[in-house]
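Here are my notes on the structure you sent, set out as numbered points. They begin with the domains and end with the contact between the chains.

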Amino acid sequence: MTSPAKADGTAPGGGLAARLPAGVRERLTETVSQVAAGGALIVVFIYLSFASPEFLTSDNLFNVGAQTAVTAIIAMGMTLVIITAGIDLSVGAVAALAGVIGAKAMSELGIPVIPAIGLGVLTGAAAGVINGVLITWAGMAPFIATLGMMSVARGTLDISTNAVAVFGLPDDFQLLGQGEIGPVPIPVIVIAVVAVIGHIVLTRTKLGRYSYAIGSNPEAARLSGIPIRLYLTIVYTICGALAGLGGMIAASRVSSGQPNFGIGLELDVIAAAVIGGASLFGGQGTIVGTLIGAFLIALIRNGSVLLDINIFVQSVVIGVVIWLAVIWDRFRRRKLQAGAA
Amino acid sequence: MKQRALAIGIALVALGAVIAGCGAETHKSGGSSGGTKQGAIRIAVVPKAVGFSFWEDAHKGATCAASKQKDVKVQWDGVSAETDVSGQVDLLQNFLTSGVDGLVYAATDAKTLFNVTKQAISKKTPVVNIDSGTNPQPKEVPVYATDNVQAATKVPDLIAKQLGPQGGTVAFIPFQAGTVTNDQRTQGFKQGLKKHPELKLVATQSSQSDVNTGLRVTQDILTAHPDLNAIFAANEPGVIGAAQAVKQAGKAGKITIVGWDAASDEVKGVSDGEITALVVQNPFRMGYDAVTAMVKRIRKGTEPASEDTGVTIVTKSNMNEPAVQALLRPSCQTPPTLGSG
């Protein structure tokens, strides 16, 4: 970490946290909130293992992995956006648009599977570029710019499909969402690849460092010469591209481009990041935390079906988990900061 | 005495004619039609949501009916999700304000939409419901719909026939609690189950009218009940999701799937032997008959009567009959006639 925080790192007195350099202290707060979400994940996991005999089977666990792929992958892009103190409300609509465009490319234009998947990802990236430009060059608040994109993407989607699902996709395309390598579903492998790259980007690259810097203190970031506009646009482009990838996986899982896919998905995605310790005020968030958040939501959904719990109850439980995660996060941060003062 | 009664009678008739005449005058100037209206007319046709081939078939029926009349224009518009009740209310109110001559719509929520019907009646704009009516249903508003309760009682019979006398376990995938069609199909299905003690309902999980959710809950149900014998999914996204999950679990053809509606992938599922039977409604006829009745109501003042547009059970053995094909691929050249009563 070459952050300027290092200079004023060693504050005198206080507890353990206060004696650590600021960079390390930040890491510690993040790890702590991950431990909170991770703890909840473990509790739910253990509970389900006892409550449902079918839960702890490799088939079911891989299933959960595949089921959470779309949310988890998009949530990692969202984490990057949230770290910069931004938000992307368009991911659900963009995922659906990408899925439908990729599906149409295959079924109507006969484009082969891999380029068609690429086209879906590019569609998402293009939406991301537009979001980024609207936010940085036109000076729109991220909330507004991406809200507009959500509407534009849904509208484009309905115009291009007349709101009817696209069927007749080639069998090879099913591999992306339904295939397996050994016992491991391909969507789970995609999660792993995106997670490893995402973790490296966040912790070891200029893009990652700049993102945290922009989110923590945009003014300081600007004064220290970070090209904020460029990096924010890159961040939204990555988020859009991952939404596009998620949309292609969703299309592959049901072998069709569904125009109604992803309504409300953005909320699941944001919830995953927030449960995993990302702060909507910016500067906080990790890939591991977000993965934990996504899996926690997926486990609650999976367990609810295994135990045949009413869908409405599931929504309440997930909402309460979001509250608890944020309250816990706040509480821990305050304690650490109190220790530092 | 007789002469006096006759005189009063004539006077009353004359008075009635004058009142009616006045009424017709005012309405002509107001643009809407309480009495009858000649010349060009504009009818708004609003499905529960655009998308899903079901509503596209209703659209075809409505446009077909309009094309067979002189100077009738159908305006087709809808919200993008069947759950968007307030969006539909706004849309219908906008149509009313714009002064359409008639309103044909499917209610996303029976109680809420009753208010819109009431407003239309007070503006003297005639209303016809397709697929889903309101609660209460005003007597001047006919419903062109499937008798969902009646049709759903046939489903357990189909499953029982398929599983034989030893019966088995059944999962039920409804789509959206609170909508009339969902609740009626649930009611009918459960009524029908009472006749078959050999069928055991082991899981009920909603698809929320979303293919990916349908896929996910079915996967989880299969995990919880590996020995499941049959599934009834009560609308198109649920059926496609369920069939996909069963196929991915390698149990295609081994689990009886009874579905509802006839999207192209559902029909393909029947021909591939993945779906045992489909309860197919006649949305084309709903749209066609509703618009035809609406035109009659506007031009001639004829009060239309409600109509059960019927269902047809489509299986692999009857799906290639011309009459069934006309139902599955309705067009204005070959309007489907099946499924009356």
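**Notes on chain B and its partner**

1. In this predicted model, chain B is divided into two parts by an automatic or database assignment: domain 1 covers 38–145 + 283–309, and domain 2 covers 148–281.

2. The C-alpha centres of domain 1 of chain B and domain 2 of chain B are 30 Å apart. Where these domains meet, 13 residues of domain 1 of chain B are in contact with eleven residues of domain 2 of chain B. On the domain 1 side of this contact in chain B there are six polar, four nonpolar and three charged residues.

3. As for the fold of the chain, chain B contains eleven helices and twelve strands, and 53% of its 341 residues are buried. If one takes the contacts in chain B between residues at least 6 apart in sequence, 73% of them join residues at least 24 apart.

4. Turning to the pairing of the chains, the contact takes 28 residues from chain A and 28 residues from chain B. On the side of chain B that touches chain A, the elements giving two or more residues are the helices α2 (53–67), α7 (211–224), α8 (236–248) and α9 (264–271), together with the strand β7 (199–204), of chain B. Of these, α7(B) gives the most, with ten residues.

5. The chemical make-up of that side may also interest you: the residues of chain B that touch chain A divide into 13 polar, ten nonpolar and five charged.

Methods: Residues numbered from 1 in each chain as written. Chains lettered and ligands numbered in written order. Predicted model: local features only at pLDDT ≥ 70, side-chain atom pairs only at ≥ 80, totals over all residues. Contact = placed C-beta atoms within 7 Å. Helix = DSSP H or I, 4+ residues; strand = E, 2+ residues; numbered from the N terminus. Nonpolar A, V, L, I, M, F, W, Y, C, P; charged D, E, K, R; others polar. Buried ≥ 20, exposed ≤ 12 C-beta atoms within 10 Å, placed from the backbone.
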